[in-house]
Every structure is written in C-alpha cells, then in structure tokens.
Amino acid sequence: MTKNLLFLFLTFVALARLEETSDVVVLTDDSIASVLEENETVFVEFYAPWCGHCKKLTPEYEAFATAMKGTGAVVAKIDATEHKKAAGKYGVRGYPTLKCFNSGSPSDYKGGRTAADMEKFLRKQMGPAVTVLKTVDEVKEFIPSDSQAFGKMVAFYADENGAVGKAYNEYAKAKRNDYEFGVVNSERIATEFKQNMESVVMFKGGDTLPIAKTQDLDKKGMDEWVKLNWFPLVGEINADNHAAYSSRGKNLIYLFVDPADKATFDKTMVVYEEVAGDNPTFSFGWLNGPAQIKTAQKLGFKGKEFPMLATQESGDTYLFPEGGEFTLETVGKWAKDLGDGKLQPFVKSEPIPENPLDGDVRVVVGDNFKQVVMDEEKDVLIEFYAPWCGHCKKIAPIYSELAGKFKGVDTVVIAKMDATANDMPRKQFPVKGFPTIKFCKGKTNEVIAYNGDRSLDSFVKFVETNAHFKFDLNAGEKKPEESKHDEL
C-alpha cells in the first residue's frame, strides 16, 4: 500500500515537472488572440484531455516544441473542451485539430504527426512566402503549363516596400499554405511576359491568358480575385481543394474517370473541357473514379464503368445517364438543361412497399416522399432513421405506440423513412444525424423540427400544438373548423 502511494506521488511529481518544463505554450479563450497578434507564426493543437489520439501525440508535440524553441515560432495548445469560444471560432470538430497561423490567418495542418514532420513543416513556414524569380527561365519553370493545373501568382514590382510589394507579401504570408507566390523585380522580365510593373498576375496553363490585378490588393480584394481566377477550367478535385471548390459560389460538376486508362481519359477530357468552356456558370472538376467509387455510388451510380458525371444543387442530385454516350453533343445538352432547370433530380429510393404500414407507422421511401409527407391535406410527423442507429432502435416502441394513438385521426400521419437508403428534399428536410424528426404542417407544408424529449406525452403534445387541422384525439375525428390563425 505504501509503495503504491509512493509510486503515485512520484508520478504526480514527474508530470508536474514535465508541465513546468514544457516548451508548449498553454492558451486560453482570453489569451489566444493576443498570442496570434504578437507572433507571426503560431502552431496550435486543439485537444481534449480524454482523447487517446491527443495523449499519443503529446511526447511528439513536446519534442516538436523543444526543437522550435528560440526560432521565433510559437508552439501552443488549448483545451478545446474548456475553451469553447476559441474552438468554435476556428471550426474545431474533432481532436486533436492542428492549425498553423501565419500572420493570424489559420490553415489546417494535414501532415505527419512526428516531431520531425511538424518541425520540417513549421520551419518551411518561417522561410520566405514568396519565391524570387530572377530570370525568364525561372519564371517559365514556376508558372504552370498544364491546362488542368491551378493558378500561380507572380507579382511584378521594383520595391517590396511599395504599395504593391507590401500588400502582396502580407497576403502571401497569410495564404502561403493555400497558394503559390512568385515575384519579379525586373522590368525587362516583365516586358518579356507582356506584363506591367506594379501588378499582380495570375498565370494558368494551357491557352488561358494571364490575368492582371493592380488595385484592391487588400485581403478582401485579393480573396475575391483569387476565388474567381485561381481555378483551372477543369481540375482534379481532392481533399486539399474540395473546400475551395465548394466555397467558390458556383455549382460543382463532378466527373468520375479512370486516369490509368489514358486513351479514354484523354478522349473524355477533350469533351469535358469544351463543355466547361461553354458553361462558365458552373465549376468543373474530375475525380479518380476507381479511388472514389464509393462516392459515386453514394450519389446514385450503380456500376463501375467510367466516365460518370454528376452534380448536386440545393440538396438534389443530378446524374448524367449511366453508360450513356459521352460526346460533346450529349454532355453539352445535359449541362445546358441543368443550367436551364430542365433536368429532373435523381431520387434514391427503395421500392414502394406493397404494405405501407409497419404496425401503425407509415413507411415512406424516396419515390413517394412528396406524395405522403407533403400532402397538404395531412399533418405529418416523420422520423428519419438509420437501421444501425441505437437511438433509433430505442425510440421505435415509443414511436409505434404514438402511431397507434393517432390511428383514428385521419388528418395525422405518423411516418418513418430509412434515410440511408432513400432521398428526401434535403433543403427542406436537412438530416444531420439519427434519428431526426420533422413535422410537415398541413395546408402550408411548413417544416418544424422536433427537439423535445422522446417520450410519448411530448410527441403527442408536439403534434397537437403544431397540427394545422384540429382534432379530438379521444374521438379520433376531424373537427370542421381549422385553427383561426390560418384564416385570411
């Protein structure tokens, strides 16, 4: 017993000394802003004390902090479960989340989690954010040549302390992990590339002409300009750029194609790039089909033959006919019809059941969702569930009892749908987890989320309160009058 107590005491002392001698700066909600403001480069771990991955990272993170000591960079950590304001501000969704802040601008760290990996990354962050291009050949080597490459920026100025130089370098430091930046200080080289001094130019590959910018070089102006001009006509979509594509403000069209089948890939791209050029209101990207086959199947494709073409808009999915002829004429018409709103969305659905009831609960599938749930003559409570969901299984007997209670009310429907096997209008019925329960009000189709406890009494009260058509639950008959607040 005494030995055990002594061991625990010595362990506590060792941990306390480790904390005292740690080179990791501990941040809080109150201190993080000042640390980011006062230091140009800050690497932060957002962690949870109970997180196993965080505990595993700790010795590597401590070694990383020690290696960076004295370099001017700050290696820090913050308990995201206690300091929720900072965690929320920087979009922390899991643990550990690692972010690098350059001049206060955050970017996610996605590299290895050894001390050496993190040190190599951070030391690179402390180097120049802008590549100095001293010759014509260096510029040619820096700018992209491939038509599918993302753009690279080159600034042409003589003085880095001038207006263009200062604004460009500040932006480059903040965005160094997102884009590539070069600079030319020679007017002779600028003339060689038909560019003017005191300008920032986006170079892209293929036949795309360089795009110059000379005004509004602040962060907002640059962000808007880059968002508009950085993307290639058709680019490969991956984990690093998908968020940028999604925030571009254009509907994104996905092409699933096999790059290993070079003949088919090249033939497909000729068509795809021409269609992209004719439809500038969309973003066009491609994915490695074999590697992303599960993504394609989730969208609704059934086979494994490429190419496949799809897009999603306002929660609806639109598929180019699977196995259809992929020509300029067919793909061009599909894209035009999409833009004109003439395409019917694909609806993932199980077969409409011959017996629409599971006990007293109405079973809904994708193909009859609007017919049942959005029937203006009914008030409908619907549960979106997943077959594997433990919470859904727990609620099932209560939900079944609820349906039995309303069995005699012809204006109320208690329904459920397997949301993993069927589509619903996601804009009106967003489903983020299971079970999700919504109420579709009769007459108006107003959708109301159920956020109460999962007891029979709470469900009954919710339906009674929100139903458009008033009823006597005991009598099970519809009253002739409707609620007064719905009268004109």
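Start with helix α9, whose buried residues (under 20% relative accessible area with a 1.4 Å probe, protein chains only; exposed is over 50%, partly exposed in between) are Gly221, Met222, Trp225, Val226 and Asn229. They span an arc of only 125° around the axis, so they sit on the same side of α9; the arc is taken from the directions from the helix axis to the C-beta atoms. An α-helix has 3.6 residues a turn, so residues three or four places apart point the same way. On the face turned away from that buried side you'll find the exposed residues Lys220, Glu224 and Leu228. The cover over the buried residues includes β7, α7, β9 and β10 (211-213). Helices (H or I, at least four residues) and strands (E, at least two) are DSSP runs, numbered from the N terminus.

A word on the source: this is a predicted model, where local features need pLDDT of at least 70 and side-chain atom pairs count only at pLDDT 80 or more, while totals for chains, interfaces and linings use all residues. Residues are numbered from 1 along each chain as its sequence is written, and side-chain values use heavy atoms, with hydrogens and water left out. The chain averages a pLDDT (the predictor's confidence in each residue, from 0 to 100) of 91, and 93% of the residues score at least 70. Be wary of residues 5-19, where pLDDT stays under 50.

Now for the core. The largest nonpolar core (buried Ala, Val, Leu, Ile, Met, Phe, Trp, Tyr and Cys residues joined through side-chain atoms within 4.5 Å) has 33 residues, and Met153, Tyr168, Phe181, Val200 and Val226 have the most contacts inside it. Among the elements that each supply at least two of its residues are β7 (152-156), α7 (163-175), β9 (199-203) and α9 (219-229). The largest share, four residues, comes from α7. Leaving out residues up to four places away in sequence, Val200 touches, among others, Met153, Tyr168, Met222 and Trp225, where a contact means heavy atoms within 4.5 Å.

Charged pairs come next. The structure holds twelve salt bridges, each a side-chain nitrogen of Lys or Arg within 4 Å of a carboxyl oxygen of Asp or Glu. Lys99 and Asp108 meet in one of them (2.5 Å, N to O); Lys99 is buried, at 8% relative accessible area, whereas Asp108 is partly exposed at 44%. Asp266 pairs with Lys262 at 2.7 Å; being four residues apart in α11 (residues 262-278), they are separated by about one helical turn. Lys262 is exposed, with a relative accessible area of 56%. Salt bridges that share partners also join Lys175, Lys219 and Asp223 into one network.
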